[in-house]
Number of protein chains: 2
Amino acid sequence: MKLTWKRLRIRPKHRFATSQWATDEKETIVVRLEHGGVAGQGEIVPSELYGQSLESAEATLAAVQNDLGDDPFRIEPIVQHLLAKFDGQRATIDGLDAALHDWCGQKLGVPVWKLLGLEQPRKQTTFTIGVAEPELIRVKVDEALAAGFDALKIKVGVPDDHQTLAYIRSVFKGPLFLDANQAWKPQEALARIPELARYHPTLIEQPVDRRDWQSMAELRKLRVAPIFADESCERPADVVRLHGYVDGINIKFNKCGGIREALRMVALARGLGMQVMLGCFVCSSLSIAPPLTIASLVDYADLDGALLLAEDPFEGITRTGGTIQLGDRPGLGVWARG
Amino acid sequence: MKLTWKRLRIRPKHRFATSQWATDEKETIVVRLEHGGVAGQGEIVPSELYGQSLESAEATLAAVQNDLGDDPFRIEPIVQHLLAKFDGQRATIDGLDAALHDWCGQKLGVPVWKLLGLEQPRKQTTFTIGVAEPELIRVKVDEALAAGFDALKIKVGVPDDHQTLAYIRSVFKGPLFLDANQAWKPQEALARIPELARYHPTLIEQPVDRRDWQSMAELRKLRVAPIFADESCERPADVVRLHGYVDGINIKFNKCGGIREALRMVALARGLGMQVMLGCFVCSSLSIAPPLTIASLVDYADLDGALLLAEDPFEGITRTGGTIQLGDRPGLGVWARG
């Protein structure tokens, strides 16, 4: 297998911010795997929160490039080998897992979702409204609704929360996810969350510090909305540890390492009676395709990373209102915009 | 999709008995799925213990034959539909799950293990010595060792246990699994199991009644060998419930409903820190192929169901000593002999 990679520059249409950070422009890495005249691609979206960077991703790729063997069909043993050796670099493993799946689909001439025995992916996604000045929030919300989105995710945990949410609920009655990205101290969360009940949120993500599972268990008891773990839940082992502390988990492929680890997390969460959503970071469609591939297995999708971009370098995912879908093309079903 | 089925008569070389029942001859059902000029096959091996019979399997097949839709690639939604509608008939669902996977592999020209991204299956299997008179036990053990088997599973829970085990340990030093098939009352198990320590068992399966999880938890504390649940553990939900009560589980495809449910059980057991073995009933190679396909994911295999037969109606699985393996043929990799 021949592995090559290059950086990809992407830019959100609006500055994208949470309670913790902001993005005006960023780089990801596109990794390309060639073997036997067939190529597969994946995107690596490192996140500093999980000890990942562009540099650590490139160092990992350089370290594994001659270490993947000569059969891209061996996805499971290859991914297990990578997890054992580079456990902290799961964004890179995600990109390689995507490229391997893409290669297999290309080689056999079928979409990856078909290889996996799944429904053709077609899923409602929330559209995320990042933290911003109230005037810009209004612009973003109006744009989102005008564009046909029918489920919204709002970043909360800032002083303007009520102003934002009151405006949204004055113009939008549909599903509303709230995401605090660890913003609140435990006592603050206990006070804030009951005040959010009036906006009828579908769920509330990561209200407190990612290590503070006990507070999340307390917040569940408020019964305002299901409490979901995002930053607290990176990989399969976390799902088990979080059992009883939260109602659901947010699986992101750059946290867990791709399709195979995500399928294990879904099986664990389902078995343990937890709800599941799929999330993403700001990214191109190339790294939306893998989670969208398995979206028929989960409750909710927040797969808007590429929809937030001024221009998506990849195409293949179509959108009708708030629903995104993959077509019948072989592999992951996305290709560089040409 | 066109579904047809017929009964298959199979006969063990020696009468096969456990502490609970005996088999001289039995019937299974071969189900054949045809679509677009391609065919897939699976075997249904009903077990009365789980409320399954040849008749209930045939009734289920008749009920679903016009209800499977027109795309055998949709394995996951089809299996989910069947589980929702015929939860008690998982042996039948297993046969259909196998036929669907076989069809997909045949259609794409690749083995199912490759479709699933797994290693080429090559796994040590235990060879099972059923309950029998001491003279016949000697014959069976001597035959098994002469045939090159290098791991044995012994059915225990009868008065001759010590005579059997003492003989085996006088001629065999390798891995030895003990399976009581619920034979013992709790107090009996507490007394018997320490006496078995001298034979150095690798694991002890289902020592007590399948509903008596508490006793299994007590028996773990003896630390004679890991305690595995078989009859107690049918499907994914059981894995979660058994967490903390046993060290491992025995997944059998006619209990759980095939490859897809088994993969969920493996993910759950792994996530919960439990060991996993794959087991089977007396059957042809057609229903050994699906569990063997995923055997690289588990700790132990007891996949000797077809090796116990006087004549296996299917071929394709090769054996070298105690190790069985699947080749490169498309689909499940087994075909009717002759």
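**Helix packing, domains and chain contacts in a predicted two-chain model**

User: In this predicted model, at what angle do the axes of helix H2 (residues 75-85) and helix H3 (residues 90-108) of chain B cross, and are the helices roughly parallel or roughly antiparallel?

Analyst: The axes of H2(B) and H3(B) come within 11 Å of each other and cross at roughly 170°. Angles over 145 degrees count as roughly antiparallel. The two helices H2(B) and H3(B) are therefore described as roughly antiparallel.

User: Which residues of H3(B) are met by H2(B), and how many residues of this contact are nonpolar?

Analyst: From H2(B) come Ile75(B), Ile78(B), Val79(B), Leu82(B) and Leu83(B), and the residues they meet in H3(B) are Ile93(B), Leu96(B), Asp97(B), Leu100(B) and His101(B). Sorted by class, the residues of this contact comprise one charged, one polar and, as the number asked for, eight nonpolar.

User: Which elements of chain B give two or more residues to the side that touches chain A, and how do the residues of that side divide by class?

Analyst: The contact joins 21 residues of chain B to 21 residues of chain A. On the side of chain B, two or more residues come from each of H2, helix H4 (112-115), helix H9 (236-242) and helix H11 (259-271). By class, the residues of that side of chain B are five charged, two polar and 14 nonpolar.

User: Which element gives the most residues to the side of domain 1 of chain A that touches domain 2 of chain A?

Analyst: Chain A is divided into domain 1 (2-110) and domain 2 (115-336), and the centres of these domains, taken over C-alpha atoms, are separated by 22 Å. Between them, 41 residues of domain 1 of chain A are in contact with 37 residues of domain 2 of chain A. The elements of chain A that give two or more residues to the domain 1 side include strand E1 (2-10), strand E4 (26-35) and helix H2 (75-85). The most, twelve residues, come from H3(A).

User: What radius of gyration does chain A have, and what would a compact globule with 338 residues have?

Analyst: The C-alpha atoms of chain A fill a box of roughly 60 × 40 × 35 Å along the principal axes. A compact globule with 338 residues would have a radius of gyration near 20 Å, which agrees with the value for chain A, 19 Å.

User: What percentage of the residues in chain A are buried?

Analyst: A residue counts as buried if 20 or more other C-beta atoms lie within 10 Å of its own. Of the 338 residues in chain A, the buried ones make up 56%.

Terms used:
Residues numbered from 1 in each chain as written. Chains lettered and ligands numbered in written order. Predicted model: local features only at pLDDT ≥ 70, side-chain atom pairs only at ≥ 80, totals over all residues. Axes fitted to C-alpha atoms, helices over the stretch in contact; angles between N-to-C directions. Helix = DSSP H or I, 4+ residues; strand = E, 2+ residues; numbered from the N terminus. Parallel < 35°, antiparallel > 145°, perpendicular 65-115°, else oblique. Contact = placed C-beta atoms within 7 Å. Nonpolar A, V, L, I, M, F, W, Y, C, P; charged D, E, K, R; others polar. Rg over C-alpha atoms; globule rule 2.2 N^0.38 Å. Buried ≥ 20, exposed ≤ 12 C-beta atoms within 10 Å, placed from the backbone. Domains from an automatic or database assignment.
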